[in-house]
Amino acid sequence: MNEKRFTLRMNADLFELVKQSAERNKRSTAKEIEFIIEDFLKKNNILPDESKE
C-alpha cells in the first residue's frame, strides 16, 4: 500500500467526535479520518466507487 504521512490540525471538538466515531467503528482515529474522506469523495463522484463497477 502506498501511504503518505502528514500533519493535520483540526478543531478539538471535531477531533473528539471523530475519535468517538472511530471507537464505535473499531478503527484508529487516523483510519476513521481516511474512511470519512474516502466516503465523501465517493459520494461526490470525485473518487470512483469500486463497489458500483
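Student: Before anything else, what share of the 53 residues in the chain is buried?
Tutor: Buried residues account for 11% of the 53 residues in the chain, and please keep in mind that what we are looking at is a predicted model.

Student: And how much surface does the chain expose?
Tutor: The exposed surface comes to about 5200 Å², and carbon and sulfur atoms supply 52% of that area.

Student: OK, what about secondary structure, how many helices and strands are there?
Tutor: The chain has two helices and zero strands. As for its overall form, the radius of gyration is 13 Å, whereas the globule rule gives 10 Å for 53 residues, so the chain is more spread out than a compact globule.

Student: What box do the C-alpha atoms fill, then?
Tutor: Taken along the principal axes, the C-alpha atoms fill a box of roughly 35 × 25 × 20 Å.

Student: Let me pick a residue: is isoleucine 33 buried or exposed?
Tutor: Isoleucine 33, which lies in helix H2, has a relative accessible area of 18%, and because the cut-off for buried is under 20%, isoleucine 33 counts as buried.

Student: Which residues does isoleucine 33 touch, leaving out those up to four places away in sequence?
Tutor: With those left out, isoleucine 33 touches Leu8, Met10 and Val18.

Student: And how far is isoleucine 33 from asparagine 11?
Tutor: The two are 22 residues apart in sequence, and their C-alpha atoms are 13 Å apart in space.

Student: Switching to the backbone, what is odd about phi at lysine 26?
Tutor: Lysine 26 has a positive phi of about 55° even though it is not a glycine. Lysine 26 sits in the loop between helix H1 (12-24) and H2, and with a relative accessibility of 78% it counts as exposed.

Student: Where is asparagine 45, and what is its phi?
Tutor: Asparagine 45 is found in the segment after H2, and its phi, near 55°, is again a positive value in a residue other than glycine. Asparagine 45 is exposed as well, with a relative accessible area of 71%.

Student: Last topic, how much space lies in the largest pocket?
Tutor: The largest pocket holds about 580 Å³ of space. It is lined by 18 residues, of which Lys4, Arg5, Phe6, Ala30 and Glu34 are the closest to its centre.

Student: Which helix gives the most to that lining?
Tutor: Helix H2 (residues 29-43) gives the most to the lining of the largest pocket, contributing seven residues.

Student: And what classes make up the lining?
Tutor: By class, the lining of the largest pocket consists of ten nonpolar, two polar and six charged residues.

Key
Residues numbered from 1 in each chain as written. Predicted model: local features only at pLDDT ≥ 70, side-chain atom pairs only at ≥ 80, totals over all residues. Heavy atoms only, no water. 1 Å grid on protein atoms, 1.4 Å probe; cavity = no way out; pocket = protein on both sides within 12 Å on 5 of 7 lines; lining within 4 Å. Points joined across faces, edges and corners; volume = space filled by probe spheres on them. Helix = DSSP H or I, 4+ residues; strand = E, 2+ residues; numbered from the N terminus. Nonpolar A, V, L, I, M, F, W, Y, C, P; charged D, E, K, R; others polar. Rg over C-alpha atoms; globule rule 2.2 N^0.38 Å. Buried < 20%, exposed > 50% of the residue type's maximum accessible area, 1.4 Å probe, protein only. Areas by Shrake-Rupley, 256 points an atom, 1.4 Å probe, with all protein chains shown as cover. Contact = heavy atoms within 4.5 Å.
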